[in-house]
Amino acid sequence: VIFGGPPCQGFSAMNRSPNTANSKRKNTCITTQLGAYDFFRPVFACLENVAGILNQKNAEASGVDGRKMAVAPTIVAAMLDMGYQVRAFQLCAGAFGVPQLRNRVFFLGAAPGTRLPDMPVPSHACSQAPAFPIGCKGKQATSCQKSAVAGGWSAPLPQLTVADAISDLPFTEDASEVSTFSYGSPAKTWYQECLRGKSRQV
């Protein structure tokens, strides 16, 4: 298995200067990872990146040799050309028990004769679209997007919040010189119990 997440700065919506030389240089790491798949030919290959990689406005910033290229379709085409079965999908971390709404795109490949894994099934309810496939042209599945906006997502467990994760942390003043604090109360959620383990201090 080769699993990698090339630098995302050139595709991230948080980057206000995606067309700088540094961003373009980092974008070429995607071709480096694809080259590793081609050389080592792992049974399973997975490339992960931010959702902005689906945005066609990022095409110009992705040219390895100055040419414009639609990134997501190029990744899928390259993996198919290597003989891999390919499945592309977007997941939200909040749908899998993480207390944050972090969306990531995955390009999953399986060698010929190997079963291509399905998308993981969300375990937690999520206010954003937790999981949906991406078409071969790198576009998001519109029907799933509409379902998410309508609040149609459900799962066995409720969505975790930041409060579920850190509401038990003791209060401290700014610039405090104390480096270790005792929990002032029992864990308030099962998530906090998991994070604490046997620790009584933070």
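**Figure 1. Pairing of strand 1 with strand 2.** In this predicted model, strand 1 (residues 2-4) lies parallel to strand 2, and 3 bridges join the two. Ile2 has Ala45 of strand 2 as its bridge partner. Strand 2 spans residues 44-50, and 6 of its 7 residues are buried. In a regular strand the side chains alternate between the two faces of the sheet.

**Figure 2. Pairing of strand 2 with strand 4.** Strand 4 covers residues 103-110 and runs antiparallel to strand 2, with 7 bridges between them. Two of the residue pairs are picked out here. Cys46 is bridged to Leu108 of strand 4, and Asn49 stands opposite Val105 in strand 4. Strand 4 is largely enclosed by the rest of the structure, because 7 of its 8 residues are buried. Strand 2 is mostly covered as well, with 6 of 7 residues buried.

**Figure 3. Pairing of strand 3 with strand 4.** Strand 3 (residues 85-92) is joined to strand 4 by 8 bridges in the antiparallel sense. Gln85 has Ala110 of strand 4 as its bridge partner. Strand 4 thus appears in two pairings, with strand 2 and with strand 3.

**Figure 4. Aromatic pairs.** The structure holds 4 aromatic pairs. In one of them, Phe39 and Phe40, the ring centres are 4.9 Å apart and the planes stand at 85°, over the 60 degrees required, so the pair is edge-to-face. Both partners lie at the surface by the accessibility criterion, which is over 50% for exposed residues. Phe39 counts as exposed because its relative accessibility is 65%, and Phe40 is likewise exposed, with a relative accessible area of 57%. Elsewhere, ring pairs link Phe3, Phe89 and Phe106 into a cluster. Phe3 falls within strand 1 (residues 2-4), Phe89 within strand 3 (residues 85-92), and Phe106 within strand 4 (residues 103-110).

**Figure 5. Packing of helix 2 and helix 3.** Two packed helices are described by the angle between their axes and the distance between the axes. For helix 2 (residues 29-40) and helix 3 (residues 71-81), the axes come within 11 Å and cross at roughly 15°. This angle is under 35 degrees, so helix 2 is roughly parallel to helix 3. The crossing of helix 2 past helix 3 is right-handed. Phe39 and Phe40, the edge-to-face pair, belong to helix 2 (residues 29-40).

**Figure 6. Arg196 and Tyr183.** The charged end of Arg196 sits over the ring of Tyr183, at 3.6 Å from the ring centre. Arg196 is part of helix 6 (190-196), whereas Tyr183 lies in the loop between helix 5 (162-166) and helix 6.

**Figure 7. Surroundings of Thr180.** Thr180 is located in the loop that connects helix 5 (162-166) and helix 6 (190-196). Its relative accessible area is 41%, so Thr180 is partly exposed. The C-alpha atom of Thr180 is 6.6 Å from that of Gln201, although the two residues are 21 residues apart along the chain.

**Figure 8. Overview of the protein chain.** The secondary structure comprises 6 helices and 5 strands. From the N terminus on, the order of these elements is β-α-α-β-α-β-β-β-α-α-α. The protein chain has 202 residues, of which 36% count as buried.

Notes
Residues are numbered from 1 along each chain as its sequence is written. This is a predicted model: local features need pLDDT of at least 70, side-chain atom pairs count only at pLDDT 80 or more; totals for chains, interfaces and linings use all residues. Side-chain values use heavy atoms; hydrogens and water are left out. Buried means under 20% relative accessible area, exposed over 50%, partly exposed in between (1.4 Å probe, protein chains only). Helices (H or I, at least four residues) and strands (E, at least two) are DSSP runs, numbered from the N terminus. Two strands pair if DSSP finds at least two bridges between them. Rings of Phe, Tyr and Trp (its six-membered ring) pair if their centres lie within 6.5 Å; planes under 30 degrees apart count as stacked, over 60 as edge-to-face and the rest as tilted. A charge sits over a ring if NZ of Lys or CZ of Arg is within 6 Å of the ring centre and within 35 degrees of the ring normal. Axes are lines fitted to C-alpha atoms, for helices over the stretch in contact, and angles run from 0 to 180 degrees between N-to-C directions. Angles under 35 degrees count as roughly parallel, over 145 as roughly antiparallel, 65 to 115 as roughly perpendicular and the rest as oblique. A crossing is left-handed if the near helix is turned anticlockwise from the far one by less than a right angle, and right-handed if clockwise.
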